[in-house]
Amino acid sequence: MSKYLYNTIMAVTLAGALLITGCREKATKGTVSGGTISGFTTCVADTIIKLFNDSTDSPTATIHLSIQYSQNNKKLNDSILKSGILVPDYLALTNIKDTQSAIKEFIKAYAADYKQDVMDMYRQTGTSDMLDWKYTVETSTTKGARDFVCYVSRITMFQGGTDEVTQTIARIFNPKTGEQQHLEDIFVPGSEKQLNDIICQGLQDIFGASNIEGLREEGILVATEPYAPENFIVNDNNITFIYQAGEIASMDKGEILLNIPNTIISNITWKK
């Protein structure tokens, strides 16, 4: 059973449920799933940061972090925390002692940025309107291909505007070495063009386009050629590439998640 570490407790609504689509003989549109795997537990931290400590109606930043980590693999934990699963990536150059300490450092850095940014806005406007921020992270782990750990971070940010911003960050790790796996570890050398062609075809499949020009008419790949992002997970059935909102398409398209069956890419991935 997971163990939970609590700071200031407050109710927080969880982000939407996540689901992996089934394997087909063509690329499909889907969302990313997560679920705990053996050997992982969760550190939960809930914090409220006030801009003015002595004021009951002070603008505030509310932080909720639910971070899964390995109970017995420190190197894996270090790799996870330094892989950009939190935004901003305050931990990339941090000397991490343990997950709990890393979370405290993240909250400390976030609080400092919030107070500086919001104080600047308060001085300019003279009002507390639009200065309440919220930051939520829910993480999950699943067993990937070759017993790799698929780590998914779902981040929701609200910075006083009208809409929340959400993004999904996915990473793959080798639990034996603790190291993150990148595209170059999954795909054979020289396969970039073939992979990009597969991705282009996959995007055509899910958006109903007949070619790349058709995609661009839909606001997809207007400013870039097809490419594989480092934001992905891979399991025994498929690989899922995750494009953030605005990354390869107009913002109204939201996140784009492209599931490609392993049968399509088997000749350019690891030798079985």
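**Exercise 1.** What span should the 16 residues of H4 have at 1.5 Å a residue, and how far apart are its end C-alpha atoms?

*Solution.* The model is predicted, so local features need pLDDT of at least 70 and side-chain atom pairs count only at pLDDT 80 or more, while totals for chains, interfaces and linings use all residues. Residues are numbered from 1 along each chain as its sequence is written, and side-chain values use heavy atoms, with hydrogens and water left out. Helices are DSSP runs of H or I with at least four residues, and strands are runs of E with at least two, both numbered from the N terminus. The expected span is 1.5 Å times one less than the number of residues, so H4 should span 22 Å, which agrees with its end C-alpha atoms being 22 Å apart.

**Exercise 2.** Find which residue follows H4, and state the sign of its phi.

*Solution.* H4 covers residues 192-207, and the residue that follows the helix is glycine 208, with a positive phi near 70°.

**Exercise 3.** Describe the salt bridge that lysine 74 forms, and locate both partners in helix H1.

*Solution.* A salt bridge requires a side-chain nitrogen of Lys or Arg within 4 Å of a carboxyl oxygen of Asp or Glu. Lysine 74 pairs in this way with aspartate 78, their closest N and O atoms being 2.9 Å apart. Both lie in H1 (residues 74-81), four residues apart, and are therefore separated by about one helical turn. With a relative accessible area of 45%, lysine 74 is partly exposed, a class between buried (under 20%) and exposed (over 50%), using a 1.4 Å probe and protein chains only.

Methods: Contact = heavy atoms within 4.5 Å. Axes fitted to C-alpha atoms, helices over the stretch in contact; angles between N-to-C directions.
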